[in-house]
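Colleague: Please pick a single part of this model and take me through its surroundings carefully, going from the part itself to the fold around it. I work at the bench, so please explain each structural term as you come to it.

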Amino acid sequence: MNFHGSLLLFADDFDAAEAAPLPPPSTAGEDEPALPQPSYDQAALEAACALARAEGHAQGLADAAAADAARVAETLASIGVYLSEAAAQAARATEEAAVMFARLLLSSMLAGYPRLGERHGAEELRALLRHAMSGLLQEPHVTFHVHPSMVDAVTGELAAIPAKERAHMTIEPWDAIPPGDTRVTWPNGALVRDTVAVASAIADILRPLGLLPEPEPDCADAVSR
């Protein structure tokens, strides 16, 4: 028995993937408008590119110049601050040097002040006696205590006075008195010229002003401390 038909119950295969729908037929070239043609040529395009490059280059140069100017301004400001600080330091150094020089000069002067009597003591002593002589003539008895080298200076000063008026005056040499110093005594008083005391008094005036260094402590004081 011959059978030529299909043995399947259904003719469709449900396991097969669904076929993709076919795209609609193309209608290009029928309804779409044509693209516009460019309104510039190759020369215009190259000119626009060249202009853009030139503008970019100019902007870059301007930015670089502005950055350089800012760095220069910052550097100049730093230099100005440095110069101001240097000027202040120089002023302080100059002031300190001037103070140190003044201290050295005054210290040297005061250290050598008592020795000035060896050179100018006679003139200063005579000037002192001339200033005090009017009062000394009124005293009943006056004694001049001076260094032996100053006896001639006192004698020369008294020589200008009449002998009767200076009869109550005597001169006593005293080695303990420095040249130029003197101690004039009378019954109710005395006149003293002490160059060491004068130098000490000057130092006491100048030291609080910062014009003299502080005195060095004595060895005994340093040990006690």
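Modeller: Thr143 is found in strand β1, where helices (H or I, at least four residues) and strands (E, at least two) are DSSP runs numbered from the N terminus. This is a predicted model, in which local features need pLDDT of at least 70 and side-chain atom pairs count only at pLDDT 80 or more, while totals for chains, interfaces and linings use all residues. Residues are numbered from 1 along each chain as its sequence is written, and side-chain values use heavy atoms, with hydrogens and water left out.

Thr143 counts as buried because its relative accessibility is 7%; buried means under 20% relative accessible area, exposed means over 50%, and partly exposed lies in between, with a 1.4 Å probe and protein chains only. Its side chain makes a polar contact of 3.3 Å with the side chain of His141, and another of 3.4 Å with the side chain of Thr170. A polar contact here is a pair of N or O atoms within 3.5 Å; within protein, one must be able to donate a hydrogen and the other to accept it, and residues adjacent in sequence count only if both atoms are side-chain atoms. Leaving aside residues up to four places away in sequence, Thr143 touches Thr170, Glu172, Arg183, Val184 and Thr185, a contact being heavy atoms within 4.5 Å.

The strand around Thr143 is mostly covered, with 5 of the 5 residues of β1 buried. In a regular strand the side chains alternate between the two faces of the sheet. In β1, Val142, Phe144 and Val146 point one way, whereas Thr143 and His145 point the other way.

On one side, β1 (residues 142–146) is joined by 5 bridges to β2 (residues 169–173), and the two strands run parallel; strands pair if DSSP finds at least two bridges between them. Thr143 stands opposite Thr170 in β2, and Val142 has Met169 as its bridge partner in that strand. The chain passes from β1 through helix α3 (residues 151–158) to β2 in a right-handed β-α-β crossover, a handedness that applies if, with the strands pointing away from the viewer, the path from the first strand over the helix to the second runs clockwise.

β1 also pairs with β3 (residues 182–186), here in the antiparallel sense and over 4 bridges. Phe144 stands opposite Val184 in β3, and the bridge partner of Val146 in β3 is Thr182. A hairpin of 2 residues then joins β3 to β4, and these two strands run antiparallel with 5 bridges between them.

Taken together, 4 strands form an open sheet in the order β2-β1-β3-β4, with mixed pairing. Its edge strands are β2 and β4 (189–193), each pairing on one side only, and the twist averages 15° from one strand to the next. Helix α3 packs on the sheet, touching β1 and β2, and its direction makes about 170° with that of β2; the axes are lines fitted to C-alpha atoms, for helices over the stretch in contact, and angles run from 0 to 180 degrees between N-to-C directions.

Phe144, the neighbour of Thr143 in the chain, leads to the interior. The largest nonpolar core has 14 residues, and Phe144 is among those with the most contacts inside it, a group including Leu129, Met133, Val154, Leu158 and Met169. Such a core is a set of buried Ala, Val, Leu, Ile, Met, Phe, Trp, Tyr and Cys residues joined through side-chain atoms within 4.5 Å. Two or more residues of this core come from each of α2 (116–136), β1 and α3, and α2 gives the most, with 4 residues. Leu158 touches Met133, Phe144, Arg166, Met169 and Ile171, again not counting residues up to four places away in sequence.
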